[in-house]
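User: Please take a close look at a single part of this model, the hairpin, and then explain how its surroundings are arranged. A connected account would be preferred to a list.

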Amino acid sequence: MSADTALLEALLHALADAPDGVSLPRLCKRLGLRMSVLMRMLAYLGEDTIGGTQGLGWVRTVDDGARTLAMLTDTGRQALERSDG
């Protein structure tokens with residue numbers, strides 16, 4: 001398993017453990033990431049199209065007042081279950 005794969009799985013598990021979402025700063029601290037790295041990961045895993053490439057749709061971010069929360073989508077939960085197999 002590569003470091004990127006391990007980090008991806010750690011992120012998905014952190015989100016699976018928090019069905020109501022996790023604030024981005026808390027995710028950074030929990031995973032030991034800089035915010036810029038987390039944002040790139042969320043863009044890749046998200047639902048938006050960036051540069052003509054559709055995201056995987058595994059993660060959604062929502063604004064909750066002053067905070068932005070990340071949460072796993074149903075598609076992301078299914079992908080995690082398949083990887084845990």
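Analyst: In the hairpin formed by S4 and S5, two residues stand between the strands, and Gly 65 adopts a positive phi near 70 degrees. The model is a predicted one, and local features are considered where pLDDT is at least 70. The two strands, S4 and S5, run antiparallel and are joined by six bridges. One of the residues paired in this way is Val 59, whose bridge partner in S5 is Leu 72.

The hairpin also carries charged side chains. Two salt bridges are found in a search of the whole structure. In one of them, the side chains of Asp 64 and Arg 67 meet, with N and O 2.8 Å apart. Asp 64 has a relative accessibility of 39% and therefore counts as partly exposed. Arg 67 is likewise partly exposed, because its relative accessible area is 44%.

The other salt bridge links Arg 60 with Glu 47, and their closest N and O atoms are separated by 3.0 Å. Arg 60 belongs to strand S4 (residues 59–64), whereas Glu 47 lies in the loop between H3 and strand S2 (49–50), so this pair ties together parts that are 13 residues apart in sequence. Arg 60 counts as partly exposed because its relative accessibility is 35%. For Glu 47 the value is 36%, so this residue also counts as partly exposed.

Val 59 leads from the hairpin to the interior. The largest nonpolar core comprises 22 residues, and Val 59 is among those with the most contacts inside it, together with Leu 11, Leu 15, Leu 27 and Leu 38. Two or more residues of this core come from each of helix H1 (3–16), helix H2 (24–31), helix H3 (35–45), strand S5 (67–72) and helix H4 (74–84). The greatest contribution is that of H3, which supplies five residues. In general, nonpolar side chains of soluble globular proteins tend to be buried together.

Leu 38 illustrates how these parts meet. Apart from its neighbours within four places in sequence, Leu 38 is in contact with Leu 11, Leu 24, Leu 27, Cys 28 and Leu 33. Within H3, the buried residues are Val 37, Leu 38, Met 41, Leu 42 and Leu 45. Viewed down the axis of H3, these buried residues fall within an arc of 135 degrees, so they line one face of the helix. Arg 40 and Tyr 44 are exposed on the other side of H3.

H4 can be described in similar terms. Its buried residues are Gly 76, Ala 79 and Leu 80. Down the axis of H4, the buried residues occupy an arc of 100 degrees, so they too line one face of the helix. Exposed residues Asp 74, Glu 81 and Arg 82 are carried on the face of H4 turned away from its buried side.

A final reference point is the loop between H2 and H3, where Gly 32 is found. Gly 32 counts as exposed because its relative accessibility is 66%. The C-alpha atoms of Gly 32 and Glu 81 are 24 Å apart, and the two residues are separated by 49 residues along the chain.

Methods
Residues are numbered from 1 along each chain as its sequence is written. This is a predicted model: local features need pLDDT of at least 70, side-chain atom pairs count only at pLDDT 80 or more; totals for chains, interfaces and linings use all residues. Side-chain values use heavy atoms; hydrogens and water are left out. A nonpolar core is a set of buried Ala, Val, Leu, Ile, Met, Phe, Trp, Tyr and Cys residues joined through side-chain atoms within 4.5 Å. Buried means under 20% relative accessible area, exposed over 50%, partly exposed in between (1.4 Å probe, protein chains only). Helices (H or I, at least four residues) and strands (E, at least two) are DSSP runs, numbered from the N terminus. Contact means heavy atoms within 4.5 Å. The arc is that of the directions from the helix axis to the C-beta atoms. A salt bridge is a side-chain nitrogen of Lys or Arg within 4 Å of a carboxyl oxygen of Asp or Glu. Two strands pair if DSSP finds at least two bridges between them.
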